[in-house]
Amino acid sequence: MIAPDDIKAAVSSGVLSEAQAADLTVLAQKRAGARVSASADDEPFELFRGLNDVFVTVGIGLLAFAGGLGGELVALADLGPAYQAALFASYGLLLWAMAEYFTRKRRMVLPSLMIAGLFTVCLLIAGSLVSLHISGQRVWVAEAAALGAMVGTTAFYLRFKLPFAIFLTALSILLAILAVTDVLAPLEQLQDSSLMFNLIEAPEVALILLAFGLACFAIALRFDLSDPHRMTRRSACAFWLHLLAAPAIVNTVALTLYESEGALATLALVLIILLIALIALVIDRRSLLLAAVAYIGAVMSLALDGLDGLAGGAVVFLLLGLLITTLGAGWTRLRNSLMRALPKFPGKDRLPPYVKAQT
């Protein structure tokens with residue numbers, strides 16, 4: 001097994017490029033055995049590989065700030081939406097060219113995330129400005145922006161295979177659905193935006209969000225089942241999709257139950273949270289459980305309703321902190337016990353490995 005320091009030294013000396021180093025690392029890990037070189041207590045996640053990633057990202061951020069100032073100058077000059085759209089479209093092309101180098105060639109993680117995010121923002125702004133220029137009024141602006149972002153982010157993902165881009169693509173698809181169906185229009189006057197997750201108060205929006213969350217979860221689970229050892233790009237794609245699926249599902253179900261009065265609704269909320277915790281352990285994804293943390297605190301608050309406000313808050317945060325810390329420390333042991341206790345079911349052998357017998 002090639003040590004990570006050896007690969008870093010090879011990159012520093014110019015023997016390997018960063019892309020070659022990434023490929024070599026994956027190959028070495030596969031040959032050594034699935035996830036042998038990774039911590040058994042950890043869920044693989046990489047944000048940046050070194051300080052150079054941060055350095056380049058700062059530079060890209062400064063370019064973005066300059067682009068924003070350019071947009072402000074064009075707006076102040078009152079040149080019209082066409083010139084503004086051209087400016088942001090040009091900046092989007094520049095970002096694409098930067099992705100060719102930093103994402104496709106050098107495979108730098110953090111700069112690629114920044115580039116993909118800024119590229120999506122440019123698509124949204126340029127799409128809305130083009131629609132405004134063509135129509136002359138604010139009609140179909142949201143639809144054009146969302147559809148343009150959906151097409152652009154899909155092309156970005158297909159070209160660069162960046163896992164974060166699938167997150168942006170899915171989010172753009174949701175925005176396009178919400179814009180085209182215009183289900184958010186009745187909620188514009190509401191001060192509490194969380195009502196969009198309530199199946200009782202806003203059933204149309206909440207059902208779309210719930211269906212979207214379930215679809216993202218299904219696709220993410222398919223990625224996970226195809227890569228149980230989480231060594232390939234598919235696992236990273238699943239991670240980002242789980243980040244979208246978790247709040248969409250948990251918020252819609254849990255917020256609806258939490259807002260409903262009665263002991264039965266509270267009991268159902270507790271059972272839903274327990275079910276989410278079990279699913280998170282089975283598929284070995286902490287993001288699902290993190291999305292339910294706020295509702296775990298809400299249930300604790302209901303249980304401690306008799307305490308003084310400040311004292312009750314302190315107890316809730318104390319218990320919640322202890323719960324999350326304990327889960328984080330004993331996640332692998334809990335998962336091993338749970339997986340051993342569960343009977344065989346379809347796909348169980350395609351989930352992340354677990355210790356099948358006590359040693």
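Select residues 34-40 of this predicted model. Their pLDDT stays under 50. Over this stretch the model has twelve contacts beyond four places in sequence. Treat those contacts with care: where pLDDT is low, the predicted coordinates should not be read in detail.

Now colour the whole chain by pLDDT. The mean is 82, and 85% of the residues reach 70 or more. Two helices mark the ends of the range among the elements of the chain. Select H12, residues 293-303, for the lowest mean pLDDT, 70. Then select H8, residues 203-226, for the highest, 93.

Switch to a cartoon view. The chain has 13 helices and zero strands. Read along the sequence, the pattern is therefore one α after another, α-α-α-α-α-α-α-α-α-α-α-α-α. Of the 359 residues, 42% count as buried. Take the contacts between residues at least 6 apart in sequence: 65% of them join residues at least 24 apart.

Next, the interior. Which residues have the most contacts inside the largest nonpolar core? Select Leu 95, Ile 115, Phe 156 and Phe 164. The core they belong to has 82 residues. Helix H9, residues 233-259, gives the most to this core, with 13 residues. As a rule, in soluble globular proteins, nonpolar side chains tend to be buried together.

Stay on Phe 156 and show its surroundings. Leaving aside neighbours within four places in sequence, Phe 156 is in contact with Trp 96, Ala 99, Ile 115, Ala 116, Phe 119, Lys 161, Leu 162 and Ala 165. Ile 115 is thus a contact of Phe 156 and is also listed with Phe 156 among the residues with the most contacts inside the core.

Move to H9 and put a distance between its end C-alpha atoms. They are 39 Å apart. At 1.5 Å a residue, the 27 residues of H9 should span 39 Å, so the two values agree. Now look along the helix for a bend. Centre on Asn 251: H9 has a kink of about 25° there.

Last stop: Thr 103, in helix H4, residues 81-105. Is Thr 103 buried or exposed? Its relative accessible area is 6%, under the 20% cut-off, so Thr 103 is buried. Show side chains and select Ser 112 as well. A polar contact of 2.8 Å joins the side chains of Thr 103 and Ser 112. Not counting residues up to four places away in sequence, Thr 103 touches Met 98, Ser 112, Phe 160 and Leu 162. Leu 162 also turns up among the contacts of Phe 156.

Key: Residues numbered from 1 in each chain as written. Predicted model: local features only at pLDDT ≥ 70, side-chain atom pairs only at ≥ 80, totals over all residues. Heavy atoms only, no water. Helix = DSSP H or I, 4+ residues; strand = E, 2+ residues; numbered from the N terminus. Buried < 20%, exposed > 50% of the residue type's maximum accessible area, 1.4 Å probe, protein only. Polar contact = N/O pair within 3.5 Å; in protein donor to acceptor, adjacent residues only side chain to side chain. Contact = heavy atoms within 4.5 Å. pLDDT = per-residue confidence, 0-100. Core = buried A, V, L, I, M, F, W, Y, C linked by side-chain atoms within 4.5 Å. Expected span 1.5 Å × (residues − 1). Bend = angle between axes of the 7 residues up to and from the residue.
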